[in-house]
Amino acid sequence: MDAAEWDARYAQSELVWGAPPNSTVVEHVYGLERRAPVGEDAPELPRALDLACGEGRNALWLATHGWQVHAVDYSQVGIDKGRTVATRLSRSVRTRITWQCADVTDLDAAEITGPFELVLMVFLHLPAERRRALLRRAAGMLAPAGTLLVLGHDSINLTDGYGGPQDPSILFTPDDVVADLGGESEELHIRTAERVLRPTEGRDAIDALVVATRPGPKIAEIEPIGAPD
């Protein structure tokens with residue numbers, strides 16, 4: 001679906017995806033240590049990037065839980081609805097969210113560079129080459145100890161799950177995402193790569209989940225005082 005099609009879909013009802021955040025996002029983000037960046041010009045709060053934020057349900061939840069959020073989607077209607085929902089929140093929470101209508105596959109044009117302590121790619125489905133390029137770019141924008149969370153409809157959801165896109169070329173497995181990221185390395189630790197069942201009005205949907213973390217800064221060992229030469 002292109003931006004115009006998403007605009008039309010978001011215009012049809014109050015909230016297409018509902019107000020609550022995705023439960024898998026909550027489960028894996030809630031326990032993160034929200035470590036704010038340090039430095040003279042560093043922001044007071046840890047920074048999160050929500051790619052393809054839609055109507056902002058995850059971005060809004062992050063903001064209420066102490067994150068400074070950059071929420072991006074190419075549907076202006078979706079962005080506007082997110083802003084409208086945000087007006088119901090306190091001013092201090094509203095000001096934690098930057099809304100931007102932009103193509104997430106061209107972050108240079110959107111002038112989004114990072115770094116971020118958290119990057120979300122939730123139900124963002126692209127052809128394999130574009131997905132791979134965006135995943136690697138997203139991982140490259142992580143701050144030290146930052147986390148990348150990728151969640152989407154698994155390839156086997158077509159046959160064994162429920163709902164979701166019916167085009168197999170834009171679906172993926174956890175192994176696909178890990179391969180796109182270049183696997184486990186000194187630059188990126190794969191913490192979770194698994195399939196997740198999600199209850200729906202029909203049978204369970206099957207999602208692919210990958211959580212990866214950039215290593216934090218190394219702490220030099222300090223020789224104990226009085227240690228022998």
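These legends describe several close-up views of one predicted model.

Residues are numbered from 1 along each chain as its sequence is written. In this predicted model, local features need pLDDT of at least 70, side-chain atom pairs count only at pLDDT 80 or more, totals for chains, interfaces and linings use all residues, and side-chain values use heavy atoms, with hydrogens and water left out.

**View 1. The whole chain has eight helices and seven strands.** Helices (H or I, at least four residues) and strands (E, at least two) are DSSP runs, numbered from the N terminus. The chain has 229 residues, and 45% of them count as buried. Buried means under 20% relative accessible area, exposed over 50%, and partly exposed in between (1.4 Å probe, protein chains only). Among contacts with a separation of 6 or more, 68% join residues 24 or more positions apart. Contact means heavy atoms within 4.5 Å.

**View 2. Helix 3 (residues 57-64) is mostly covered.** Seven of its eight residues are buried. They are Arg57, Asn58, Ala59, Leu60, Trp61, Leu62 and Ala63. Gly66 follows helix 3 and has a positive phi, near 90°.

**View 3. Asp73 is buried yet has no salt bridge.** A salt bridge is a side-chain nitrogen of Lys or Arg within 4 Å of a carboxyl oxygen of Asp or Glu. Asp73 sits in strand 2 (residues 68-73). What is the nearest side chain of opposite charge to Asp73? That is Arg57, 10 Å away. Lys and Arg count as positive here, Asp and Glu as negative; His and the chain ends are not counted. The side chain of Asp73 reaches the backbone nitrogen of Cys53 at 3.4 Å. Beyond its neighbours within four places in sequence, Asp73 is in contact with several residues, including Ala52, Gly54, Ile79 and Gln100.

**View 4. Cys53 and Cys101 are in no disulfide.** A disulfide is a pair of cysteine sulfur atoms within 2.5 Å. A search of the whole structure finds zero disulfides. The sulfur of Cys101 is the nearest cysteine sulfur to Cys53, at 9.1 Å. Cys53 counts as buried because its relative accessibility is 7%. Cys101 is partly exposed, with a relative accessible area of 36%.

**View 5. Thr98 lies in strand 3 (residues 97-101).** Its relative accessibility is 40%, so Thr98 counts as partly exposed. Thr98 and Gln68 are 30 residues apart in sequence, but 8.2 Å apart in space, C-alpha to C-alpha. Leaving aside neighbours within four places in sequence, Thr98 is in contact with Val69, His70 and Ala71.

**View 6. Lys81 and Glu55 form a salt bridge.** The N to O distance is 2.7 Å. This pair links distant parts of the chain, 26 residues apart: Lys81 is in helix 4 (residues 76-86), and Glu55 is in the loop between strand 1 (47-51) and helix 3. Lys81 counts as buried at 13% relative accessibility. Glu55 is buried too, at 5%.

**View 7. Arg83 and Asp80 form a salt bridge within helix 4.** Their side chains meet at 3.4 Å, N to O. The two are three residues apart, about one turn of the helix. Arg83 is partly exposed at 36% relative accessibility.

**View 8. Arg195 forms a salt bridge with Asp154.** The closest N and O atoms are 2.9 Å apart. Arg195 is in strand 6 (residues 189-198), and Asp154 is in the loop between strand 5 (142-153) and helix 7 (157-160). Arg195 is partly exposed, at 45% relative accessibility. Asp154 is buried, with a relative accessible area of 0%.

Terms used:
Polar contact = N/O pair within 3.5 Å; in protein donor to acceptor, adjacent residues only side chain to side chain.
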